[in-house]
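This report walks through selected parts of one chain, from its domains to its strands and to a single loop residue. Please keep the sequence and the structure at hand while reading.

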Amino acid sequence: MFADTSTDFNSGLNPAELRSLNAQFDSQPAERILAWAWERFAGKAAIGTSFQGAGLVMMHLAKLNDLPFSIFTLDTGLLFPETVALKSRLEDFFGFKIQSLEPDITVDEQAHINGPELWKRNPDLCCMIRKVFPLRDKLSELDCWITGLRRQQSHTRADIGVVELYTFDEASGRDIVKLNPMANWTRDQVWDYLRAHKIPYNPLHDRGYGSIGCLPCTRMTTNGENERAGRWTGFNKVECGIHTFLPKKVDFQI
Amino acid sequence: MGFDTIILTQRNEALKQGNPLLSGTIAQTLADESAECFSHDDYEFLKFHGIYQQDDRDKRKEGKHYMLMVRTKFPGGVLSGDQYLACDSLATEYANNTLRITTRQDFQFHGILKSNIRQTMRRLNDALMSTIAACGDVERNVMAPPTPATSPLVDEVLAQARKLSNTLAPRTPAYHAIWLNGQELNLNSQTNGDFVDPLYGKSYLPRKFKTAFVIPPLNDIDIYTNDLGFVVIAENGRLIGYNLLAGGGLGMSHGNTLTFPRLADVIGFFTPEHLEAVAKAVITVHRDFGDRTNRKHARLKYVLADRGVDWFRDQVEQRAGIRLEPARPFQFTKQGDLLGWHKQTNGNYFLGLFVENGRIRDINGYKLKTGLRRVIEKFRPEVRLTASQNLLLVHVPPDQQGEIERILSEHGVSARNPFSRTRMASMACPALPTCGLALAESERTMPDLLTRLEDVLKELGLEDEEIIVRMTGCPNGCARPYMGEIALVGKGPNRYQFYLGGNEASTRLNKVYKDMVKGEEIIPELRRLLERFKRERLDGERFGDFCVRVVLKETTDAQA
């Protein structure tokens, strides 16, 4: 379907290279993958994180290996106070700034336009406004988006590649590399690492929260439940949309 | 999404089957003055009666301020002068003092309170206007070319359209009982309990259904966007038959690849006496094969897309009991209306007036609503509403032209339509604050957007170009955005999908150029494109054609 010789990839990655990189990276430590990204994309690569375990590990690995990626997070205006406080704690701990991406409109303005508590009626639209739009603006500056996705997190993430190529803009044909250096890490590995390096983490994890998103749409999980089972309970929804809104440019699953 | 959709679908289907009279508890709720709104179930039934329950979204923060939108059904967009005046009065007394011409040749009244709804409906019907099946899962308003331009063919086609509209109307007695007699239907009586509509059955259609006639070469009703289309084939000014078109429709849902805008397929040719049989055949194919498990995937277009034209032609032939001949050649040259004064074949004249976004209202220095009222009170011309949301005053004797112009100009309205070609070719849907589906602004922001576009065009020396611009607050397609040379489709507050590439004759779908564009980025983006258009266009090339040849071509190449 895609000619391996195609040169129309602004990221400079073609499907053949993508395939060999994935084969190579699958058995390589995350810091090696991050180092490759810095060498290849430098300031055009950035780490996006919501301060779950894997993002914190990546920040630490980047710091340790002198890979000065910029770091950004999505501040929806609906985060737990603990999450908001964690951002400052992390900035102090690592000694770098974390950019907060904010939606076009405040929660109040959203209530005015869409009615109060949109997340209770149409969580997809709420996530679109508060996460997907601001993320897309940020990604328009980047060639490589580094995430903390792990295959173990949920069935929707079980098949992710370490390197993926997405179409960012169908009109211009612009693409963007999505790098998931933590894809192979288990939850236990992440937590062992965080404890070993005494990295600040979200205290909500100690209170029974598995995956932590916005306050109104996150609940505690019980033992045996999937890590992301506490997200958008009651809706048939497991992804906010930031990892699904772009079409894959090269899909090895086809 | 899947889960929600299935629940919703079963609900709509269960509602229709459970109450084929479509009466719900509308009469009871009407009688209960303390009830501020209708129930969720009645919301669905009301649509079949031509009514949408809405709320003022500018006031949502304080709570829901319920109001009703009423849509009329005018086959071919025709109404008498008296009917127009009745609508004008209702708009003033009960609605928001505006009349809105829809893209399907109807009027919409916005902002009617529940306490005034029965009176509104009764007065519409007293003036021999109806709203039944203006909305809902049925055949809706039948469109036909409104321009009484140059041949007797137009009147003949219009008569066919009106006749067909009557034939296809649902037969439930509920409409008359509730709105005109003010009665509940006794569901226990056998006649009512066993009611089955002769055409639609117990469950009506899986989704809305749109029918239109068109007379080439003017594509003034945008024929390819309809579920069912009849292309008039004439020889020496005489109707000899129709080409059948089927499976068009524009609505889609963001992020749902099962849904997409689609142009109608050309199915075949038949002679005029089979019109009713063919129409019923197409409707019953939709009734029997449309996807009732998923409302987002329930239009006739998906039946065509899934099963193909040959299968569909077979079905129509079997049901209509005729063989369709190969389609006759036809061609469209442009969309839109003939505006200004034009002579009719009978020696009278018609005046086409541009109505921005179809909104007839009075604003400072431009009192279109009052001006029209004065003219129509005095001369009682027939009025026609167009698919491009404009208004025609027809059958005007030459000796009335001067006085009509004078009255209009007293109200700041010029019969010369002093607007840019681009503005006159453009449309926006109502969106905020009345439409419950709107994700972004449309009608309220479009006039200003066009002004800024006009400035850019002027700066570049392109002010004489006609560029068809369409804007909608959501992807459902009311202003037919996917046919525009430029289109903006709301995705969230101040965010739009940006489309390019429709054409002058409205025979080509446009394509997404950019996604999630912010409102303030639209004009800078258009300026870049228009600068390029000025440099690289071919002689006489339109912007939409240029976008397909150059801008979108690059996209396709980059994707290859």
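## Domain contacts

In this predicted model, eight residues of domain 2 of chain B are in contact with seven residues of domain 3 of chain B. On the side of domain 2 of chain B that touches domain 3 of chain B, the residues divide by class into two nonpolar, four polar and two charged.

The domain assignment of chain B places domain 2 at 340-419 and domain 3 at 423-559, while domain 1 is made up of two segments, 137-169 and 205-335. Between the C-alpha centres of domain 2 of chain B and domain 3 of chain B, the separation is 28 Å.

## An open antiparallel sheet

Chain B contains an open sheet of five strands, which follow one another in the order β3-β16-β17-β12-β11 and pair in the antiparallel sense. Because β3 (78-79) and β11 (340-343) of chain B stand at the edges with a single partner strand each, one side of each is left without a neighbour in the sheet.

The partner of β11(B) is strand β12 (residues 349-353) of chain B, and the two are joined in antiparallel fashion over four bridges. Within this pairing, B:Gly340 has B:Gly352 of β12(B) as its bridge partner.

## Strand β7 and its parallel neighbours

Strand β7 (residues 209-214) of chain B is mostly covered, with six of its six residues buried. The side chains of B:Phe209, B:Thr211 and B:Phe213 point one way from β7(B), whereas B:Lys210, B:Ala212 and B:Val214 point the other way, and residues of both groups are buried.

β7(B) runs parallel to β6(B), to which three bridges join it, and B:Val142 has B:Thr211 of β7(B) as its bridge partner. β7(B) is also parallel to strand β8 (residues 228-235) of chain B, through four bridges, and here B:Ala212 stands opposite B:Gly229 in β8(B).

## The loop residue B:Ala144

Is B:Ala144, a residue of the loop between β6 (139-143) and α6 (153-168) of chain B, buried or exposed? B:Ala144 counts as buried because 30 C-beta neighbours lie inside 10 Å, where 20 or more are required.

When neighbours within four places in sequence are left aside, the contacts of B:Ala144 include B:Ala212 and B:Phe213, both of which belong to β7(B). Also among the contacts of B:Ala144 are B:Pro75, B:Gly76, B:Val157, B:Leu158, B:Ala161 and B:Ile221. By contrast, the C-alpha atom of B:Lys296, 152 residues away along the chain, is separated by 27 Å from that of B:Ala144.

Technical notes. Residues numbered from 1 in each chain as written. Chains lettered and ligands numbered in written order. Predicted model: local features only at pLDDT ≥ 70, side-chain atom pairs only at ≥ 80, totals over all residues. Buried ≥ 20, exposed ≤ 12 C-beta atoms within 10 Å, placed from the backbone. Contact = placed C-beta atoms within 7 Å. Pairing = 2+ DSSP bridges. Domains from an automatic or database assignment. Nonpolar A, V, L, I, M, F, W, Y, C, P; charged D, E, K, R; others polar.
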